[in-house]
Amino acid sequence: SPGMRERRQKLLEINRAAARVFHRWLYQPEGAEALAYLQKRGLSKATLTSFGLGFAPNRWDGLIAALAEQGYDKRDLLEAGLAVSNKDGRIYDRFRNRVMFPIIDIRGEVIGFGGRVMDDSKPKYLNSSDTPGFKKSKNLFALNFAKNHCSERLILCEGYMDVIALHAAGFESAVATLGTAITSD
């Protein structure tokens, strides 16, 4: 339906805006630890840019405030799975103190995120919740890159970092599931 299409388009716009904000934060003082972690894992600036990696600061409303400046309401972020609400109805950032991995579909749209904690909190990896624009069970991380490089075989990895390391080493058909079991989709 047209209404559904418009909603999905708005969610994609919010995700793209969020990805830009996360990427910018990686290079700001509060992202220093995350940047050091990624560099220690051997990722070049070109790889960080190519995968659009970023950082979500350890604040309750960092993304909410940054996207409010661009005209997005926190309820939009709630619908996009970028914010969550507690039982009192307070809305806050879903991703805090995490290295951020945008999940990009084969059309090049940012459809969701994976976030890896910078400390010992759980879960170690947190993914966007399913939204009208994103179904974890129907997508693979880095399929947007792999589709241009593989004919009939994919290398299925356990996690995002494995995929990125393989791509950086020239194995561009590497993909990962989005924290779900392999489904028939």
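This report walks through two sheets, a few buried residues, some backbone details and a pocket.

The model is a predicted one, in which local features need pLDDT of at least 70, side-chain atom pairs count only at pLDDT 80 or more, and totals for chains, interfaces and linings use all residues. Residues are numbered from 1 along each chain as its sequence is written, and side-chain values use heavy atoms, with hydrogens and water left out.

## The four-stranded sheet

Let us start with the sheet built from E1, E4, E5 and E6. Helices (H or I, at least four residues) and strands (E, at least two) are DSSP runs, numbered from the N terminus. Two strands count as paired if DSSP finds at least two bridges between them. Strands of a sheet pair through backbone hydrogen bonds, either parallel or antiparallel.

Here 4 strands make an open sheet in the order E1-E4-E5-E6, with antiparallel pairing. Strand E1 (54-56) and E6 are at the edges with a single partner strand each, so one side of each has no neighbour in the sheet. From one strand to the next, the twist averages 35 degrees.

Helix H1 (residues 2-26) packs on this sheet and touches E1, E4 and strand E5 (110-117). The direction of H1 makes about 35 degrees with that of E5. For such packing, contact means heavy atoms within 4.5 Å; axes are lines fitted to C-alpha atoms, for helices over the stretch in contact, and angles run from 0 to 180 degrees between N-to-C directions.

Strand E4 (residues 98-104) pairs with E1 in the antiparallel sense over 3 bridges. Across this pairing, Ala 56 stands opposite Arg 98, and Phe 55 stands opposite Val 99. On the E5 side, 7 bridges join E4 to E5, and Ile 104 faces Val 110 in E5. The hairpin of E4 and E5 has 5 residues between the strands, and Gly 108 takes a positive phi near 85 degrees there.

How many residues of E4 are buried? The count is 7 of its 7 residues, where buried means under 20% relative accessible area, exposed over 50%, and partly exposed in between (1.4 Å probe, protein chains only). In a regular strand the side chains alternate between the two faces of the sheet. In E4, Arg 98, Met 100, Pro 102 and Ile 104 point one way, while Val 99, Phe 101 and Ile 103 point the other way.

## The three-stranded sheet

An open sheet of 3 strands has the order E7-E9-E8 and mixed pairing. Its edge strands are strand E7 (140-141) and strand E8 (155-157), each pairing on one side only. E8 and strand E9 (residues 174-177) pair in the parallel sense over 3 bridges, and Ala 176 in E9 is the bridge partner of Cys 157. H7 packs on this sheet, touching E7, E8 and E9, with its direction at about 175 degrees to that of E9.

## Some buried residues

The table gathers four residues with their places and accessibilities.

| Residue | Place | Relative accessibility |
|---|---|---|
| Tyr 92 | strand E3 (residues 91-93) | 17% |
| Thr 47 | helix H3 (residues 45-51) | 12% |
| Asn 97 | loop between E3 and E4 | 12% |
| Ala 142 | loop between E7 and helix H6 (143-146) | 2% |

What does Tyr 92 touch, leaving aside its neighbours within four places in sequence? Tyr 92 is in contact with Trp 60, Ile 64, Ala 83, Val 84, Ser 85 and Asn 86. Thr 47 touches Ile 164 and Ala 168, not counting residues up to four places away in sequence.

The other two residues have a backbone feature to look for. Asn 97, which is not a glycine, has a positive phi near 55 degrees, and Ala 142, also not a glycine, has a positive phi of about 75 degrees. Elsewhere, a cis peptide bond joins Lys 122 and Pro 123, with omega about -10 degrees; Pro 123 is found in the loop between E5 and E6.

## The largest pocket

The largest pocket has a volume of about 250 Å³. Of the 15 residues that line this pocket, Tyr 125, Glu 158, Gly 159, Tyr 160 and Met 161 are the closest to its centre. On a 1 Å grid over the protein atoms alone, a pocket is an open set of points where a 1.4 Å probe fits, with protein on both sides within 12 Å along at least five of seven lines; lining residues have an atom within 4 Å of a point. Grid points are joined across faces, edges and corners, and the volume is the space filled by probe spheres set on the points. Strand E6 (125-127) and helix H7 (160-168) each supply at least two residues of the lining.
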